[in-house]
Amino acid sequence: MSHKPRLRVCVALLGLATLAAATADPKPTLVSAQASLRQITLTGFTRARAVLPLVTENRGRIEEVLADIGDAIGADGLFARLDDTFIRLELEQVLVEQQKLRGHIEYDQREVERYRELARQKNTSASQLDTLEQTLRDNRHQLQSLEIQQKILEERLSRTRIRAPAGWRLTQRRVEPGQWVNEGTTVGEAADFSTLLVPFALTPRQFTALENARGKVRLSLPDLPLEVAAERVRIPEVVAVLVHLVGAPSEALHAPQEARLGCRLHSRQLRLRR
């Protein structure tokens with residue numbers, strides 16, 4: 001019985017010590033609030049860097065078409081050829097006229113020199129010499145006119161070839177051999193797939209976040225699957241941001257036919273502040 005009061009006193013002292021420790025002021029801890037980030041996924045589709053309509057500059061009948069949709073334009077850049085028969089015939093006629101005029105000019109030059117000698121000896125009239133000199137000048141001017149006409153025909157002949165940049169892919173073909181076309185007719189379309197563009201329509205916050213992203217953007221192609229590096233670029237006529245893939249991915253992908261146009265890509269590196 002004599003030990004119980006001592007036990008109660010010890011328990012009471014322990015309780016007071018615990019209460020005093022709990023009521024004492026703790027050491028303050030400083031914290032700073034930070035904005036939380038959320039990750040969003042942008043989805044875009046590939047497209048060619050440049051597209052070129054193929055337009056005729058002469059009218060005539062299509063003689064030959066050398067590429068089909070999906071084919072690469074050859075090193076000579078030739079897509080189609082118009083019938084150039086009549087242009088070649090006109091060119092031959094001009095060349096014959098030139099040869100004929102050169103003969104006249106040589107004869108007139110000898111006549112002028114002979115009459116000049118006679119004029120010095122007072123054996124001919126000055127008016128006759130003037131007439132020969134005028135004829136010589138006229139023939140020379142006519143020869144110059146034919147040479148200009150020759151250049152025009154040669155230019156028309158070269159423009160019977162419908163050309164596109166070498167290596168570009170044909171995306172549209174609107175003409176067949178034997179078809180008649182007029183000047184200014186669009187007969188096809190070629191596109192440059194050496195560099196692919198992926199347009200993204202962004203909000204102002206997303207645009208700022210993309211501008212602040214360091215390094216190259218990584219894009220994933222979920223349909224292949226594959227991941228490629230890209231760089232940010234802007235094109236003046238398009239409001240959306242365009243990302244072009246690095247390293248000619250249309251050739252590096254395992255399935256280039258599928259990746260040339262309209263391939264779906266994701267970008268998961270864009271982080272926005274809440």
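**Note on the predicted model: salt bridges, cores and a helix with two sides**

1. A network of salt bridges links Glu 57, Glu 155 and Arg 159. The structure discussed here is a predicted model. Within the network, the side chains of Glu 57 and Arg 159 meet in a salt bridge with an N to O distance of 2.5 Å. This pair links distant parts of the chain, 102 residues apart: Glu 57 belongs to the loop between β2 (47–55) and β3, and Arg 159 to the loop between α3 (126–158) and β5 (161–163). Glu 57 counts as partly exposed because its relative accessibility is 43%, a value between the limits of 20% and 50%. Arg 159, at 36% relative accessibility, also counts as partly exposed.

2. How many salt bridges does a search of the whole structure find? The search finds 14. As general background, side chains of opposite charge can pair when their charged atoms come close. Two further pairs are described in the next points.

3. Glu 90 and Arg 156 form a salt bridge in which the closest N and O atoms are 3.8 Å apart. Glu 90 lies in helix α2 (residues 85–120) and Arg 156 in helix α3, so this pair ties together parts that are 66 residues apart in sequence. Glu 90 has a relative accessible area of 35% and is therefore partly exposed. Arg 156 counts as partly exposed as well, at 32% relative accessibility.

4. A salt bridge also joins Arg 102 and Glu 147, with 3.6 Å between the closest N and O atoms. Here Arg 102 is in helix α2 and Glu 147 in helix α3, and the two residues, 45 positions apart, link distant parts of the chain. Arg 102 is partly exposed, with a relative accessible area of 37%. Glu 147 counts as partly exposed at 31% relative accessibility.

5. Asp 192 deserves separate mention. This residue is found in strand β8. Asp 192 is buried yet has no salt bridge. Why does Asp 192 have no salt bridge? The nearest side chain of opposite charge, Arg 49, is 7.0 Å away, and a salt bridge requires the nitrogen and oxygen to be within 4 Å, so the pair does not qualify. The side chain of Asp 192 does have a polar contact of 2.6 Å with that of Ser 194. Not counting residues up to four places away in sequence, Asp 192 touches Ala 48, Arg 49, Ala 50 and Trp 168.

6. The largest nonpolar core has 16 residues. Those with the most contacts inside this core are Leu 54, Ile 62, Phe 79, Ile 162, Val 175 and Val 187. Two or more residues come from each of the elements β3 (60–65), β4 (78–82) and β8 (186–200). Strand β4 gives the most to this core, with three residues.

7. Which residues are in contact with Ile 162, leaving aside its neighbours within four places in sequence? They are Leu 54, Val 55, Thr 56, Ile 62, Gly 77, Leu 78, Phe 79, Ala 80 and Val 187. Apart from the largest core lies another core, of 14 residues, which includes Val 94, Val 112, Leu 132 and Leu 157.

8. Ala 75 is found in the loop between β3 and β4. Is this residue buried or exposed? Ala 75 counts as exposed because its relative accessibility is 80%, and the limit is over 50%. The C-alpha atoms of Ala 75 and Ala 166 are separated by 5.1 Å, although the two residues are 91 residues apart along the chain.

9. Helix α4 (residues 204–212) has buried residues Gln 206, Ala 209 and Leu 210. They cover an arc of only 100 degrees around the axis, which means that they are on the same side of α4. On the other side of α4, Pro 204 and Asn 212 are exposed. In general, an α-helix has 3.6 residues a turn, so residues three or four places apart point the same way.

10. Some totals complete the note. The protein chain has six helices and twelve strands. Of its 274 residues, 31% count as buried. Among the contacts in the protein chain with a separation of 6 or more, 76% are accounted for by residues 24 or more positions apart.

Key: Residues numbered from 1 in each chain as written. Predicted model: local features only at pLDDT ≥ 70, side-chain atom pairs only at ≥ 80, totals over all residues. Heavy atoms only, no water. Core = buried A, V, L, I, M, F, W, Y, C linked by side-chain atoms within 4.5 Å. Buried < 20%, exposed > 50% of the residue type's maximum accessible area, 1.4 Å probe, protein only. Helix = DSSP H or I, 4+ residues; strand = E, 2+ residues; numbered from the N terminus. Contact = heavy atoms within 4.5 Å. Lys, Arg positive; Asp, Glu negative; His and termini not counted. Polar contact = N/O pair within 3.5 Å; in protein donor to acceptor, adjacent residues only side chain to side chain. Arc of directions from axis to C-beta.
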